[in-house]
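Q: Please take a close look at one part of this model, going through the reasoning step by step. Once that part is clear, please set it against the rest of the chain.

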Amino acid sequence: MSRGYRQAFALAFPGQPRAVTFDNLARALAASEATLFTRSRWDVFLEGDNP
């Protein structure tokens with residue numbers, strides 16, 4: 001694993017002797033996905049734009 005990933009995980013999960021673990025990876029991915037926002041035709045329809 002690259003040094004950059006180890007440093008980033010150490011900053012994201014302080015106080016843990018091994019910051020790069022399966023559970024922490026899952027938490028990091030979930031946090032990243034929570035910030036994604038894509039709009040679909042369904043969202044537009046629900047907002048009242050009904051062609």
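A: **A close look at Phe9 and its partner**

Phe9 has a relative accessibility of 11%, and because the cut-off for a buried residue is under 20%, Phe9 counts as buried. It should be kept in mind throughout that the model is predicted, and that the values discussed here are computed from it.

Which residue partners Phe9 in a stacked pair of rings? A pair of aromatic rings is described by the distance of the centres and the angle of the planes. By the ring-centre rule the structure holds two aromatic pairs. In the pair of Phe9 and Phe13, the ring centres are 5.9 Å apart, which is within the limit of 6.5 Å, and the planes meet at 25 degrees, which is under 30 degrees, so the pair is stacked. Phe13, with a relative accessible area of 14%, is buried as well, because that value also falls under 20%.

Phe9 belongs to helix H1, which spans residues 3-12. Ala12 also lies in helix H1, yet Ala12 is exposed, because its relative accessibility of 51% is over the 50% limit. Taken from C-alpha to C-alpha, Ala12 and Thr38 are 26 Å apart in space, with their positions 26 residues apart in the sequence.

Following the chain onward, Ala19 sits in the loop that joins helix H1 to helix H2, the latter covering residues 22-34. Ala19 is buried, with a relative accessible area of 9%. Its C-alpha atom is 9.9 Å from that of Tyr5, although 14 residues separate the two along the sequence.

Further along, a contact of another kind appears, since side chains of opposite charge can pair when their charged atoms come close. The structure holds one salt bridge, formed by Arg39 and Glu47, whose closest N and O atoms are 2.8 Å apart. Arg39 is partly exposed, because its relative accessibility of 44% lies between the limits of 20% and 50%, whereas Glu47, at 56%, counts as exposed.

To set these details against the chain as a whole, there are three helices and zero strands, following one another in the pattern α-α-α. The radius of gyration is 18 Å, where a compact globule of 51 residues would have one near 10 Å, and the C-alpha atoms fill a box of roughly 55 × 20 × 15 Å along the principal axes. Of the 51 residues, 8% count as buried, and Phe9, Phe13 and Ala19 are among them. The chain exposes about 4700 Å², with carbon and sulfur atoms supplying 59% of that area. As for charge, the mean position of the 6 positive charges and that of the 5 negative charges are 18 Å apart.

Conventions:
Residues are numbered from 1 along each chain as its sequence is written. This is a predicted model: local features need pLDDT of at least 70, side-chain atom pairs count only at pLDDT 80 or more; totals for chains, interfaces and linings use all residues. Side-chain values use heavy atoms; hydrogens and water are left out. Helices (H or I, at least four residues) and strands (E, at least two) are DSSP runs, numbered from the N terminus. The radius of gyration is taken over C-alpha atoms; the globule rule is 2.2 Å times the number of residues to the power 0.38. Buried means under 20% relative accessible area, exposed over 50%, partly exposed in between (1.4 Å probe, protein chains only). Accessible areas come from the Shrake-Rupley method with a 1.4 Å probe; for residues, only the protein chains shown count as cover. Lys and Arg count as positive and Asp and Glu as negative; His and the chain ends are not counted. The place of a charge is taken as NZ of Lys, CZ of Arg, CG of Asp or CD of Glu. Rings of Phe, Tyr and Trp (its six-membered ring) pair if their centres lie within 6.5 Å; planes under 30 degrees apart count as stacked, over 60 as edge-to-face and the rest as tilted. A salt bridge is a side-chain nitrogen of Lys or Arg within 4 Å of a carboxyl oxygen of Asp or Glu.
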